[in-house]
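Colleague: Could you take me through one part of this model in detail? I'd like a close look at the sheet, and then at whatever else you find worth showing around it.

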Amino acid sequence: MIQDKLIHVYFMPGMAANPSIFEHIKLPEDQFKMHWLEWKIPVADESLKDYTKRMLTDVHHENPVLVGVSFGGVIVQEMSKQIRVKRLILISTVKNKFELPKRMRFAKKTALYKIFPTSLVDKIENLEKLPVGKYLTKRAHLYQQYLSVSDQTYIDWALEQMLFWDQEETLPNVIHIHGDKDIIFPHKNIKDCITIKNGTHIMVIDRFRWFNEHLPELILKGKLKSKKLEKESPKPE
């Protein structure tokens with residue numbers, strides 16, 4: 001049966017985002033079956049390992065492809081430590097704690113993250129009041145559309161997990177796609193990635209045609225056919 005030959009691809013959105021950020025991603029239906037993963041609210045004192053174990057209850061196929069964006073990229077990396085995966089694809093994220101920007105390491109060291117007004121997230125229109133305000137304000141309409149997880153327990157937990165992620169070694173055979181204009185995770189800190197010229201932290205939304213063109217090849221072959229493609233500059237959608 002054709003269904004049995006399909007490659008199952010699971011997509012994990014970024015922090016507080018709903019999976020509709022992938023709404024424009026289209027893969028050939030005769031080869032791939034797409035699945036969207038949604039955030040769960042963490043339970044009290046839940047570890048990242050236990051959380052990802054719960055996330056895996058929504059993965060119903062063996063040897064899947066896992067695709068994660070931003071903090072979702074951290075989640076799929078942790079998921080891949082517990083199951084066998086065909087391919088691990090990271091977008092706009094980091095592969096180890098050393099790729100985190102200095103401001104995040106500073107927030108961790110000084111515990112400044114504890115005074116972030118995360119309670120404001122229950123009102124999406126107030127997102128610009130968070131410490132990353134300039135970036136969010138510039139794209140407020142996109143965040144109002146795609147950010148849906150406003151539970152403060154989740155936000156506090158997710159921020160702490162991101163800052164205290166302790167992975168030191170990059171996982172083998174990972175595919176990392178990163179924009180050179182990413183403000184959240186600056187490209188200068190990222191090693192060994194496919195660089196998207198003029199790509200921002202939300203390029204999975206506004207550069208979706210690049211992903212539609214190249215994800216099938218990356219999934220099937222684990223690399224692009226030409227290094228030239230890694231530096232091309234897709235036009236905004």
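**The sheet and its surroundings**

Modeller: Let's start with one pair of residues: leucine 90 sits across from histidine 176 of β5. Keep in mind that this is a predicted model. The strand next to β5 here is β4, residues 87-91, and four bridges hold it to β5, residues 174-179, with the two running parallel.

Now zoom out to the whole sheet. It is open and has six strands, ordered β2-β1-β3-β4-β5-β6, with parallel pairing. At the edges you find β2 (32-36) and β6 (194-196), each with a partner on one side only. From one strand to the next, the twist averages 20 degrees.

Two helices are worth a look against this sheet. Helix α3, residues 71-80, packs on it and touches β1 (7-12), β3 (65-69) and β4, with its direction at about 150 degrees to that of β3. Helix α9, residues 208-221, lies across β1, β2, β3, β4, β5 and β6, and it runs at about 150 degrees to β4.

Back to β1, which deserves some time. Five bridges tie β1 to β2, and the two run parallel. Toward β3 there are four bridges, again with a parallel run. Valine 9 shows both contacts with the neighbours: opposite it in β2 stands methionine 34, while its bridge partner in β3 is valine 65.

What about cover on β1? It is mostly covered, with six of its six residues buried. In a regular strand, side chains alternate between the two faces of the sheet. You can follow that here: Ile7, Val9 and Phe11 point one way, His8, Tyr10 and Met12 point the other way, and all are buried.

While you have the model open, swing over to the aromatic rings. The structure holds seven aromatic pairs. One of them is tryptophan 39 with tyrosine 154, a tilted pair at 5.3 Å centre to centre and 55 degrees between the planes. That pair links distant parts of the chain, since tryptophan 39 is in the loop between β2 and α2 (48-55) and tyrosine 154 is in helix α7 (residues 152-163), 115 residues apart. Both partners are under cover: tryptophan 39 is buried at 10% relative accessible area, and tyrosine 154 is buried at 0%.

Another pair is tyrosine 51 with tryptophan 157. Their ring centres are 4.4 Å apart and the planes make 40 degrees, so this pair is tilted. Tyrosine 51 belongs to helix α2 and tryptophan 157 to helix α7, so the pair ties together parts 106 residues apart in sequence. Tyrosine 51 counts as buried, with 0% relative accessibility, and tryptophan 157 is buried as well, at 9%. Put the pieces together and you get one aromatic cluster, formed by Trp39, Tyr51, Phe71, Tyr154 and Trp157.

Finally, a word on the chain overall. Its secondary structure comes to nine helices and six strands. Buried residues make up 54% of the 237 residues. Of the contacts with a separation of 6 or more, 65% are between residues 24 or more positions apart. As for the outside, the chain exposes about 12400 Å², with carbon and sulfur atoms supplying 51% of it.

Note on methods: Residues are numbered from 1 along each chain as its sequence is written. This is a predicted model: local features need pLDDT of at least 70, side-chain atom pairs count only at pLDDT 80 or more; totals for chains, interfaces and linings use all residues. Side-chain values use heavy atoms; hydrogens and water are left out. Two strands pair if DSSP finds at least two bridges between them. Axes are lines fitted to C-alpha atoms, for helices over the stretch in contact, and angles run from 0 to 180 degrees between N-to-C directions. Contact means heavy atoms within 4.5 Å. Buried means under 20% relative accessible area, exposed over 50%, partly exposed in between (1.4 Å probe, protein chains only). Accessible areas come from the Shrake-Rupley method with a 1.4 Å probe; for residues, only the protein chains shown count as cover. Rings of Phe, Tyr and Trp (its six-membered ring) pair if their centres lie within 6.5 Å; planes under 30 degrees apart count as stacked, over 60 as edge-to-face and the rest as tilted.
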